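Hi everyone, thanks for making time for this. I'd like to walk you through a structure, chain by chain, and I'll pause on a few spots along the way. Let's put it on the screen.

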Amino acid sequence: MSKLTLGPLFFQWKPEQRRDMYFRIADEAPIDSVYLGEVVCSKREPLYYDYLPEIIDRLNAAGKQVVLSTLALITSDRELNAIAERCGEAMIVEANDVASISLLKGRPHITGPFINVFNEATLDFLVRQGAVRINLPVELSGKAIATLARHNPVETEILVFGRQPLSVSMRCYHSRAYGVHKDSCQFVCETDPDGLAASQLTGAPLLRVNGTQTMSHGYAVLLRELAALQAAGVTHFRLSPQVADMVQVAEIYRSVLDGDLDAESGEALLRNLTGETPYVNGYVRGREGMAWADA
Amino acid sequence: MRDIAYLELVCPAGTPAALRTAIDAGADTVYCGFRDCTNARNYPGLNFDAKELREGVAYAHARGRWVIVAINTFPRAGDIGPWHRAIDTAAECGADAVILADIGLLDYAMRKHPNLRRHLSVQAAASNPLSIDFYRETFGISRVVLPRVLEVDEVATLISRMKVEAEVFAFGSVGTMVEGRCTLSSYITGRSPSSDGVCAPAEFVHYREDGAFMESCLGDVVTNRYAKNENAAYPTPCKCRLVTNDNASYLFEEPVGLNAVSILPQLKAAGVTALKIEGRQRSRAYVGQVVTAFRAVLDALARGETMPQAAADLHAIAEGGRETLSALKKGWK
Amino acid sequence: MDKVAFPIIIARNMLAALPKPVIERGAAALMRSMRRHHPDLFRNLAALQPTRLQVELTDLPHRFLLSFGEKPATLTLVRGDAPACNVTLKGSLESLLALLEGRIDSDALFFTRDITITGDTSAVVALRNTLDREEISLLDEAMALLGPLRGVGRRTVLRWEGRAARLRDRIIAMRAPDAPDEHDLAAEFGSLRAEIETLKSRLAKQEILARRKQGVAA
């Protein structure tokens, strides 16, 4: 049966906002796996770390699998040590940097979308290392996803809702946009809970900045492609938390996955939840990521 | 054993003619790619076939230099053949090393050609000692090209914990994102450095004169506007002007070129052993000028001089006439 | 730096003075000569995407059409209206020769707007890369065709060597208009910049505090 997952929260929400979202997910959402933890910037986690135990308890009590996500870019010892500690815990860990993969070798773990799994040979290697679920990079076309999903002896997960992470950097573009330096950033990223809009000179939208991460402005919405992806062997479908009612988003995706709702109707319902944000599905269609094909 | 003065000078060769130019100008090592998407400079008219590589290797070896082959993109699902053939061909032609990024490819190269030196591409984004050690232990890499996002102190710390050679970019175009994991180009054009070996390919680039302005466009995206006498730049996505909070700026990075010539002594002190010049897509003339200048600088430093005159030539050549130490300098983040 | 030989004045004067049919025959002769001396180049050009590249000179009343890819490459003089083409390359004779000979980096010429490209940029990239594989001196090729004028050309070469160097310097100067005594100004510039950065930083912090106080939502 197809599983629905909630990806790690990429944005810097107020701790209470974060906790409340997870409580609702635990209590109300038809989600099977929830990814927790900081992927973007190690400076942020101390601000909400204290809430994690109760979030984990609530999710576990609701029968949802909890996955600890880790940083996409690890550069300091402090970060390495924190992750090494996490890898020693009982919960399953998502590796987003090769260092984490190295720490998790031999133990069941999940590889995140920031690990470049573009072909069968790399996938096989990661499975031999202990990966039990593989997240494919957002850039892959439907054809490539199908090839890899069919080949994959373990679980395959892809992103089907939310802003697509396009790049990561050491430089904090959020700070730069606000005229401050990363070391004394005052957590300006908290000002933009859905990412800071970075538009073209013409005013047309293009990207969203989130700390050191750059994301698509459009939400990837892969409702019409769900059936084909299921048929190809994708087992897990990831929703990335955005400023939208994620419980209702999950309900829509669950219904379409189960065949209780057709994709077009699902999309219409989704539009009510996502305001003015445009949708994109270019990558899965083998085109430029920012394209939207509604056929 | 080669006779390296101060630091190994690793230079780009987009064509056989550029390879000869680089060697003649004093490169210790040249790096090149094949004429397909197995390397991250897959541009029309550029790169080598097997015959040209063989000839290039002969030319270099006759002069005591090295040729290394970049096979640094990520092979496509269901189509790994071209990449395996590229590695096999590089080995047959006598290349001194291959530069790889993909885990599956590193595995293949190690098993099939254990004696072919393996360098870890910057596209593998190995940014900490654990990652680098993982690649060394698992795939026997001898050298890592460090990401262009580290400060000199960080480079020093990293190198002190590494057991492989460190190569650092010293001149040329710099992207500001972690390489090998940037999909900005494919978001806009459908083509990416990781999969297709191109960033912002020229077929999606056009310029429009609009009265007193010139607009540069990548696909449907307007990347910049230039006033009449303002220098234009190539519209890679990380160098475009974007608007945030009603303020237009070079959000990611100014369109300047990296020039680390002023900190070569610090890089050497940090343990760096090789300098990489970026620019396989640049002209032979450019390669000749840059390599000549760097050769003069390195020879002077080897003799114990402090800031050689040749360094001044490099300032003039740096991209757009504006240059930066980029991430190497404190405060870049 | 390598010295360059551009007897531009001779070339330009000739192109301005000669009647079109003569130029046309000259262009065809040049191509034949090039094909003899650089057979690989023509093989490589044939492997590129079919391209019709219009070359528009800004300092002469002539336009040329260079066609390559698939069919054998041809260079013809444009008479009358603009031909169907997929890319136009515009610049002075000096700049374009420098571009084609790869003696001055084409990116530099482009960045400083000495040359402009409209249409399919990748065609110019492909052509430039293909030409760059050869060691060509277009002027030598052209001069070889002129026979008796060759002697004149050689003498002029020496005189105009400096001209090419000045072209390069002009390009460099255009890119760095404020690059005089770098060491003297660099320190002052550096400290001024640092001061400005500090002030900007302080101002930015004030703005953020103000936003927080207003409870500004995204």
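Let me begin with the overall size of chain B. For 333 residues, a compact globule would be expected to have a radius of gyration near 20 Å, and chain B comes out at 19 Å, so the two agree. Please keep in mind as we go that this is a predicted model. Along its principal axes, the C-alpha trace of chain B spans about 60 × 55 × 40 Å. As for burial, 63% of the 333 residues of chain B count as buried. For those of you who think in contact maps, take the contacts in chain B with a separation of 6 or more: 63% of them come from residues 24 or more positions apart. The secondary structure of chain B amounts to 10 helices and 15 strands.

Now let's zoom in on a helix pair. In general, two packed helices are described by the angle between their axes and the distance between the axes. Here we have helix α1 of chain B, residues 16-25, and helix α2 of chain B, residues 50-62; their axes come within 10 Å and cross at roughly 10°. With angles under 35 degrees counting as roughly parallel, α1(B) and α2(B) are therefore roughly parallel to each other. Which residues make the contact? On the α1(B) side they are B:P16, B:L19, B:R20 and B:I23, and α2(B) brings B:E52, B:E55, B:G56, B:Y59 and B:A60. Sorted by class, the contact of α1(B) with α2(B) holds five nonpolar residues, one polar and three charged.

Staying in chain B, here is a small sheet. Three strands make it up, in the order β8-β9-β10 of chain B, as an open sheet with antiparallel pairing. The edges belong to β8, residues 205-210, and β10, residues 221-226; each has a single partner strand, so one side of each is left without a neighbour in the sheet. From one strand to the next, the twist averages 25°. If you want to follow the register, β8(B) and β9(B), the latter being residues 213-218, run antiparallel and are joined by six bridges. A handy landmark is B:V205, which stands opposite B:L218 in β9(B).

On to chain A, and to its contact with chain B. How many residues of each chain are in contact? The count is 48 residues of chain A with 51 residues of chain B. Several elements of chain A each supply at least two residues of the side that touches chain B, including α4 (98-104), α5, α6, β7 and α7 (173-177). The strands β8 (196-199), β9 (205-210) and β10 (213-221) of chain A are also among them. By class, that side of chain A has 25 nonpolar, 15 polar and eight charged residues.

One of those elements deserves a closer look: α6 of chain A, residues 142-151. Its buried residues are A:A144, A:I145, A:A146, A:T147, A:L148 and A:A149. What do they pack against? Their partners are α5 (120-129), β7 (155-168) and α8 (226-232) of chain A.

At the start of chain A, let me point out A:K3, which sits in strand β1, residues 3-6. Is A:K3 buried or exposed? It falls in between: A:K3 has 17 other C-beta atoms within 10 Å, and a buried residue needs 20 or more while an exposed one has 12 or fewer, so A:K3 is partly exposed. Beyond its neighbours within four places in sequence, A:K3 is in contact with A:D32, A:S33, A:T235 and A:H236. A:K3 and A:E288 lie 285 residues apart in sequence and 27 Å apart in space, C-alpha to C-alpha.

Last stop, chain C. Chain C has nine helices and five strands, and 29% of its 218 residues count as buried. Among its contacts between residues at least 6 apart in sequence, 73% join residues at least 24 apart. Strand β1 of chain C, residues 51-57, runs antiparallel to β2, residues 63-68, with six bridges between them. A hairpin of five residues links β1(C) to β2(C), and C:L53 stands opposite C:L66 in β2(C). With β4(C), residues 87-91, β1(C) pairs in the parallel sense over five bridges, and there C:L57 stands opposite C:G91.

That's my tour, and I'm happy to go back to any of these views.

Technical notes: Residues numbered from 1 in each chain as written. Chains lettered and ligands numbered in written order. Predicted model: local features only at pLDDT ≥ 70, side-chain atom pairs only at ≥ 80, totals over all residues. Axes fitted to C-alpha atoms, helices over the stretch in contact; angles between N-to-C directions. Helix = DSSP H or I, 4+ residues; strand = E, 2+ residues; numbered from the N terminus. Parallel < 35°, antiparallel > 145°, perpendicular 65-115°, else oblique. Contact = placed C-beta atoms within 7 Å. Nonpolar A, V, L, I, M, F, W, Y, C, P; charged D, E, K, R; others polar. Pairing = 2+ DSSP bridges. Rg over C-alpha atoms; globule rule 2.2 N^0.38 Å.
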